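User: Please take a close look at the pockets of this model. I should like to know how they are lined, and what can be said of any buried charge beside them.

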Amino acid sequence: MMPLHKYPPRIWQALRLKEGIYSRLPAHYLRAHEDAQEPMPVHFKPHGVKYKRNPHTGQPERVQDIPIPIYYPPESQRGLWGGEGYVQGFRYANNDKLSTRLRKTWKPQLFVRELYSEILDKTFTVQVTMRTLDLVDACFGFDFYILKTPKVDLNSKLGMDLKRAMLLRLARKDTELYPDDTAKREIIYEKYKAFVIPEEETEWVGLSLEEAVEKQRLLEKKDPAPLFKVYTEELVHKLSMEKLSEPVIIEQKS
């Protein structure tokens with residue numbers, strides 16, 4: 001039986017990045033986009049081993065770490081949920097295992113909190129979970145949480161936009177940060193200097209594929225030259241070539 005497609009559908013996304021404007025995106029952006037890092041487990045505790053000893057029989061038994069499927073609603077991209085999402089499953093009616101199973105969705109408890117950024121010198125009102133607040137405390141600050149947490153664990157468009165803004169300010173050493181307090185500004189830049197990367201890479205951090213393609217298109221965009229300029233340059237080039245092709249007559253002195 002002949003296959004329906006020349007290439008299997010699971011690699012279509014990877015093949016698309018190898019042609020057209022996608023192939024002209026910066027190499028560092030493509031590496032970050034293709035990074036298949038696994039997210040940190042949030043809704044389950046992994047065993048971390050392949051075998052565990054049965055406490056009753058004493059025999060080793062094979063165990064598996066199977067991630068729980070999580071649904072991330074669109075509003076999670078506008079907040080900082082700390083990797084939490086909707087978990088869908090079933091429950092028994094009236095807690096009776098002999099009764100009908102009913103569908104159930106477990107949702108994280110959300111809070112609206114104000115988080116202050118030292119680098120941006122601004123307070124943001126963000127929808128968060130308790131896990132997010134615990135992670136911020138574990139990182140000793142909101143800026144450290146945003147800068148240290150990988151994209152796959154942030155899982156938030158807002159979080160990546162904040163990371164890009166912070167990295168841009170660090171890369172440019174913007175003097176608009178605490179303009180009246182130079183000493184404090186230098187303390188902030190010294191505190192976060194470990195996260196500084198080149199500005200040309202920082203501008204692409206956190207961009208979606210569609211945003212990156214649009215940015216690349218604008219970089220490659222060239223305004224059309226007026227036709228009279230094109231024809232004038234062609235005429236000047238043609239006349240110069242004709243002049244160079246004319247024989248040079250050298251008069252001999254008697």
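Analyst: The account below takes the pockets in order of volume and then turns to one buried residue.

The model is a predicted one. Its largest pocket encloses about 870 Å³ of space. Of the 32 residues in the lining of that pocket, P150, K151, V152, M160 and K163 are the closest to its centre. Five helices, namely α2 (27-34), α3 (130-138), α4 (142-148), α5 (151-154) and α6 (157-172), contribute at least two residues each to this lining. The greatest share comes from α2, which supplies four residues. By class, the lining of the largest pocket comprises 18 nonpolar, eight polar and six charged residues.

The second largest pocket has a volume of about 220 Å³. Its lining consists of E38, P39, M40, P41, V42, H43, F44, P67, I68, I70, Y72 and G83. These divide into nine nonpolar residues, two polar and one charged.

Three members of that lining, V42, H43 and Y72, are also in contact with E84. The other contacts of E84, leaving aside residues up to four places away in sequence, are P108, T129 and R131. E84 itself sits in the loop that joins β2 (60-62) to β3 (87-92). Although E84 is buried, it forms no salt bridge. The nearest side chain of opposite charge is that of R131, at 5.6 Å, whereas a salt bridge requires a side-chain nitrogen of Lys or Arg within 4 Å of a carboxyl oxygen.

Definitions and conventions. Residues numbered from 1 in each chain as written. Predicted model: local features only at pLDDT ≥ 70, side-chain atom pairs only at ≥ 80, totals over all residues. Heavy atoms only, no water. Buried < 20%, exposed > 50% of the residue type's maximum accessible area, 1.4 Å probe, protein only. Lys, Arg positive; Asp, Glu negative; His and termini not counted. Contact = heavy atoms within 4.5 Å. 1 Å grid on protein atoms, 1.4 Å probe; cavity = no way out; pocket = protein on both sides within 12 Å on 5 of 7 lines; lining within 4 Å. Points joined across faces, edges and corners; volume = space filled by probe spheres on them. Nonpolar A, V, L, I, M, F, W, Y, C, P; charged D, E, K, R; others polar.
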